[in-house]
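The exercises below are meant to be worked through with the sequence and the 3D structure at hand. Please try each task before reading its solution.

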Amino acid sequence: MKTKLTRKWMYHLVAAAGAFLMLYPVLWLVMSSFKPSTDIFVTAESLIPDPWIWSNYADGWQGIGDFTFATFIKNSLIIVIISTIGSTFSSALVAFGFARLKFKGRGFWFIVMMFTLMLPNDVVLVPQYILFAKLGWLNSMYPIIVPSFFGHPFFIFLIIQFIRTIPGELDEAAVMDGCGKFKLFVRIIMPLVTPAMATAAIFSFYWRWEDLLGPLLYLNKPSLYTVSMALKMFLDNESLSNWGAMFAMSVVSLIPVILIFFLFQRYIVEGISTSGLK
Amino acid sequence: MKPSLSQNLTGYAFISPFVFGFLAFTFIPILASLYLSFTDYDLLSTPSWVGIDNYVEMFTNDPKYWKSIEVTFLYVFLGVPLRLAFALAVAMLLNTTSRAIGVYRTLFYLPSIIGGSVAVSIMWRNLFGDDGVVNSWLVFLGIPSVSWFGDPDAALSMLISLSVWQFGSSMLIFLAGLKGIPVALYEAADVDGANPFQRFFKITMPMLTPVILFNMIMQTIGAFMTFVPAYIISKGEGGPMDGTLLYSLYLFRQGFVFFNMGYASAMAWVMLVIIGIFTAILFMSSKFWVHYETKGGK
């Protein structure tokens, strides 16, 4: 009995030590954001700030030039919210078509969809840039937002997998009652696939929030910068060595991500286990 | 039964967002990229046809290109196996019925969720600074500190360690795979007196091979395309001495820093071919090592 208890304690010791090691860099970042900039690297090995400094947050919030972090957060939120709504709903629509409707060429388009899922983004980077430049969309949010309204292969795949677990009799009964396909989708299927759509929405949020390449290519004036771009600008101004401010804003940029993670982790875990997202 | 015209129309109405998006943002751009790869194009003047010059230049006259290939292959072939090994080890550690598993799973996964962000790359950069935490620890352990930004190999190991740290999503997929292995198999092995090593190599590994294949393909493709950490850690330059010049970063620099759009397009096509070859090798090799259950199980 005693050995069993010892093993249990050993197990928790190993697991907790591993978890602490994993989280250590994040803790270091958070703690450093409360240290005076001059101390961060002098006391790099100690986690606890001495003294605790709150002004890093106020300093960092001043942002770049005339724009405070409020602007960057607002820009990020605009992009994230609109494109998340766009990609979630369009993906659900497409997924329903693939999973539940019979039409000529369905198999072909499904294969095309699975192929795009594996296509490296670098291949379309240059032509897309040229396309958006020709459309006069440089220095606007359109190149980042608009494509999300045409379904995202990963989310389509995820939602298809989920729709397949819903019994087909449900559709038949609805059609028997004179329900059209679109009504069937909106009234019956969509409410049932909300867990999958929630998963897609969460990942869309993450990817958009963390995206750097899009803003780097298309948003070249500070009034349009996202949080990621602003952090990148901070890093470029590193010579000012206001480390504390940069760390403080890094922490701010992670807060929404971590918050959503803890609120919705059940969906996230299921989404990854079924589709390998992320 | 052949679908009727109206069934066809309804079907296409539903998938039309994807079809349109694919044509506009993927298919036509792919063709355009292929065309541009045979041109010299700086975005301002019209593209001028140069035949295979870009490809010839790339393979015979651009040491930076070969350096980026070398760095990327090192990154992929060291990073992906290490990442999967950690993912599997932690998944096995967490494959028990303790009530605390949910908490541990969350903590081990958290780095992966924030891993793509600029903030984390900035953090990593500073952990490895000359006065950073990693060096403090090395000194504490009596090992000489390393100038992570001065030595190209050391700089690359910074990127690799960052990628290994984010093993969470593979871990979750492994966990789901481990949960799918019938307990009866282990019970039978116990009756036969199998030791833990035999249990692992005769049951766990073979049963997990489909999941391993899936993880390997997804992680390899993802690793080939890594951009943000290399960009942030090297401040967009790929230094020191091109030690962190990952392929995507070099492509970005050719296209959007030097405005060699044709050259960048040629690079993108070679990347597509390289990734295609590796995916094909993984798929084809799978019949020798991936074990599928015969009775319709998945």
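A residue is called buried under 20% relative accessible area, exposed over 50%, and partly exposed in between, with a 1.4 Å probe and protein chains only. This is a predicted model, in which local features need pLDDT of at least 70 and side-chain atom pairs count only at pLDDT 80 or more, while totals for chains, interfaces and linings use all residues. Residues are numbered from 1 along each chain as its sequence is written, chains are lettered from A and ligands numbered from 1 in the order in which they are written, and side-chain values use heavy atoms, with hydrogens and water left out.

**Exercise 1.** Find the salt bridge partner of A:Glu270, and state how accessible each of the two residues is.

Solution. A salt bridge is a side-chain nitrogen of Lys or Arg within 4 Å of a carboxyl oxygen of Asp or Glu. The partner of A:Glu270 is A:Arg266, with the closest N and O atoms 3.8 Å apart. Both belong to helix α13 (residues 243–275) of chain A, where a spacing of 4 residues separates them by about one helical turn; helices are DSSP runs of H or I with at least four residues, strands are runs of E with at least two, and both are numbered from the N terminus. A:Glu270 is partly exposed at 40% relative accessible area, whereas A:Arg266 is exposed at 55%.

**Exercise 2.** Describe the salt bridges of A:Lys232 and B:Arg199.

Solution. A:Lys232 pairs with A:Asp236, the closest N and O atoms being 3.1 Å apart, and both residues lie in helix α12 (residues 227–236) of chain A, 4 residues apart. A:Lys232 is buried, with a relative accessible area of 11%, while A:Asp236 is partly exposed at 36%. In chain B, B:Arg199 forms its salt bridge with B:Asp190, and here the closest N and O atoms are 2.9 Å apart. B:Arg199 counts as partly exposed at 27%, and B:Asp190 is also partly exposed, at 44%. Over all chains, the count comes to 6 salt bridges.

**Exercise 3.** Examine A:Asp211: is its side chain buried or exposed, and which side chain of opposite charge is nearest?

Solution. Start with the position, which is the loop between α10 (194–210) and α11 (213–218) of chain A. A:Asp211 is buried yet has no salt bridge, and the nearest side chain of opposite charge, that of A:Arg208, is 4.3 Å away; for this purpose Lys and Arg count as positive and Asp and Glu as negative, with His and the chain ends not counted. The side chain of A:Asp211 does reach the backbone nitrogen of A:Gly214, at 3.4 Å.

**Exercise 4.** Locate B:Ser265 and find which backbone oxygen lies 2.8 Å from its side chain.

Solution. B:Ser265 sits in helix α13 (residues 261–289) of chain B, and it is buried, with a relative accessible area of 1%. A polar atom of its side chain lies 2.8 Å from the backbone oxygen of B:Met261.

**Exercise 5.** Compare the annotated span 12–38 of chain B with the model.

Solution. The unreviewed UniProt entry annotates residues 12–38 of chain B, among other spans, as "transmembrane region"; positions are given in the numbering used here, feature names are shortened, and annotations may be inferred rather than shown by experiment. In the model, residues 12–38 of chain B are 93% helix and 0% strand, with the end C-alpha atoms 35 Å apart. Another annotated span is 211–233 of chain B, which is 87% helix and 0% strand, with its end C-alpha atoms 32 Å apart.

How values were computed. Polar contact = N/O pair within 3.5 Å; in protein donor to acceptor, adjacent residues only side chain to side chain.
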